[in-house]
Amino acid sequence: MNNSLIIGQYVPGNSLVHKLDPRTKITIIFFYVITVFFANSLASYSVLVVFALACMFTSRVPLRFIMKGLTPVWFLIIFTFILHLFVTKEGTVIFDFWIFEFYSGGVIQGFAISIRFFLLILVTSLLTLTTTPIEITDAIEDMLRPLNKVRFPVHELALMMSISLRFIPTLMQETDKISRAQASRGVDFRTGPIKDRIKAVVPLLVPLFVSAFKRAEELAMAMEARGYQGGEGRTKLRELKIELRDIMVYLLFACVIALLFLTRNYS
Amino acid sequence: MRRLRAIDLTYGAVFVCLMAIGANITVWFPILAVPIGGTSVPLSLQTFFAILAGFMLGKRLGSLSMLTYLLLGTAGVPIFAGLEGGPFALISPTGGFIISFIFVAYFVGLIAEWYKSPSILIYTVAAIIGLLINYGLGVSYMYIAMNTWLELTISYSIAWIGMIPFLIKDAILSIVAATFMVNITKRLPLLWQRA
């Protein structure tokens with residue numbers, strides 16, 4: 001678990017999708033998620049499915065990682081599908097069972113929404129599968145830079161993301177230790193009425209706070225000792241650069257969107 | 001508006017970690033899943049920590065810290081409830097709760113900063129207002145998500161009824177947060193008060 005906390009869901013690789021600038025990936029996925037809601041015909045859905053599958057195969061991320069991203073939402077997909085099957089009463093009756101009648105409209109709509117879901121999950125998880133949280137942080141810092149004009153602390157936000165990334169595994173280990181320590185002292189986390197269980201939160205929180213705030217104070221001291229003065233004039237270890245392949249991917253994606261709006265049903 | 005100091009950034013980051021732990025507290029303490037009304041409600045401390053972030057960090061840093069939590073989770077780090085992460089968490093029906101934490105911390109911080117040295121009553125009122133923002137935004141988002149992009153027609157009242165067990169548990173925890181704060185302020189200077 002600790003490993004997944006540092007690298008997120010990232011699966012190392014050397015494919016085109018891995019090498020793309022993170023800003024390119026975020027921009028494309030953002031617009032893809034919006035355009036998914038514009039698809040309403042079989043042809044327009046196929047365009048989106050082909051694009052998503054093409055991305056998946058060029059990324060060369062093993063299928064099991066992609067399936068892992070889908071597991072928490074299978075239930076939601078199946079649930080929506082079945083609900084539409086029962087609720088939507090459009091089109092002709094295609095199937096009759098006991099007191100239920102299934103309409104063609106319900107099947108089509110159920111399918112369309114399941115596909116939409118599937119596409120959303122597939123494409124958004126491709127971002128996190130091929131990009132490290134650090135890369136995404138860099139991209140967010142760069143993309144939000146215009147907000148500096150309205151005095152929004154973009155650099156500070158990105159730095160806070162990096163610091164959290166470093167602290168999350170440590171503090172989670174700490175929580176683990178605290179739970180063992182309190183259990184060995186005989187704190188019963190297992191049974192008892194609700195009031196006692198909520199009370200049991202206190203011997204957890206107090207040591208967790210002490211340790212968390214101590215770390216925050218120490219790191220702040222260390223940063224100041226090394227002369228941290230905010231974002232101005234700070235140089236970067238990792239520089240982002242838009243390359244030819246990014247431009248090509250943008251052009252390709254523009255074609256996909258154009259194709260989608262051509263094949264859309266306007267009636 | 002003064003610039004954020006190093007200490008602001010580290011405290012903001014620590015609250016992101018606390019949110020991550022609070023969302024998944026049942027991983028370490030499985031029995032914190034409390035039975036209310038027949039169903040088992042996993043006790044999450046997210047609302048509790050969001051309210052504390054408002055109290056301790058103030059409106060500006062508190063909301064910035066909650067925004068960091070949202071962005072980091074969206075970037076794929078498994079820090080949302082159920083150790084999940086990734087952009088899909090925001091599209092799913094419960095995404096509104098994650099977004100609402102930003103506003104919870106902001107408004108709670110606003111109230112706490114308004115009264116220079118708040119009493120337990122002020123803290124409780126602020127915590128309850130934070131809770132209402134949390135559920136008001138979260139449930140409305142759920143309703144909109146269900147009825148628009150999931151195309152599941154449910155009524156607004158049904159969306160609320162499903163959330164009642166969670167609301168009860170968070171209401172209790174919010175009041176705990178308020179009493180907790182009175183103890184913390186005695187021992188630790190609040191970040192927005194530090195010179």
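Start by colouring chain A by domain: pick residues 7-131 together with 241-263 for domain 1, and residues 145-225 for domain 2, as the domain assignment has it. Keep in mind while you look around that this is a predicted model. Now put a marker at the C-alpha centre of each domain of chain A; domain 1 and domain 2 have their centres 36 Å apart.

Next, show all of chain A as a cartoon. You should find 11 helices and 2 strands. Walking from the N terminus, the order is α-α-α-α-α-β-β-α-α-α-α-α-α. How spread out is chain A next to a compact globule? Its radius of gyration is 25 Å, while the globule rule gives 18 Å for 267 residues, so chain A is more spread out than a compact globule. If you line the view up with the principal axes, the C-alpha trace of chain A spans about 70 × 60 × 40 Å.

Stay on chain A and bring in the UniProt record. An unreviewed entry there lists "transmembrane region" at residues 29-57, 69-87, 107-129 and 247-266 of chain A. Select two of these stretches in turn:

- Residues 29-57 of chain A are 83% helix and 0% strand, with the end C-alpha atoms 16 Å apart.
- Residues 247-266 of chain A are 85% helix and 0% strand, and here the end C-alpha atoms sit 31 Å apart.

Time to switch to chain B. Hide chain A for a moment and count 7 helices and 2 strands in chain B. Following the chain from the N terminus gives α-α-β-β-α-α-α-α-α. Chain B has a radius of gyration of 17 Å, which agrees with the value near 16 Å for a compact globule of 195 residues. Along the principal axes, the C-alpha atoms of chain B fill a box of roughly 50 × 35 × 30 Å.

For chain B, the unreviewed UniProt entry gives "transmembrane region" at residues 12-33, 39-57, 64-83, 89-108, 120-146 and 158-184. Again, try two of them:

- Residues 64-83 of chain B come out at 55% helix and 0% strand, and the end C-alpha atoms are 22 Å apart.
- Residues 158-184 of chain B are 100% helix and 0% strand, with the end C-alpha atoms 39 Å apart.

Now zoom in on a helix pair. Select α1(B) and α3(B): their axes come within 8 Å and cross at roughly 85°. That angle is why α1(B) counts as roughly perpendicular to α3(B). Show side chains where the two helices touch. On α1(B), look for residues including Tyr11(B), Phe15(B) and Met19(B); on α3(B), the partners include Phe48(B), Phe49(B), Leu57(B) and Tyr69(B). Sort the residues of this contact by class and you get 14 nonpolar, 5 polar and 1 charged.

Last stop: bring chain A back and look at where the two chains meet. Here 46 residues of chain B are in contact with 53 residues of chain A. On the chain B side, the elements giving two or more residues are α1 (6-23), α3 (46-74), α4 (88-91) and α7 (156-187). Which element gives the largest share of that side? Select α1(B), which provides 13 residues. Colour the chain B side by class to finish: it has 35 nonpolar, 8 polar and 3 charged residues.

How values were computed: Residues numbered from 1 in each chain as written. Chains lettered and ligands numbered in written order. Predicted model: local features only at pLDDT ≥ 70, side-chain atom pairs only at ≥ 80, totals over all residues. Contact = placed C-beta atoms within 7 Å. Helix = DSSP H or I, 4+ residues; strand = E, 2+ residues; numbered from the N terminus. Nonpolar A, V, L, I, M, F, W, Y, C, P; charged D, E, K, R; others polar. Domains from an automatic or database assignment. UniProt positions renumbered as here; feature names shortened; annotations may be inferred. Axes fitted to C-alpha atoms, helices over the stretch in contact; angles between N-to-C directions. Parallel < 35°, antiparallel > 145°, perpendicular 65-115°, else oblique. Rg over C-alpha atoms; globule rule 2.2 N^0.38 Å.
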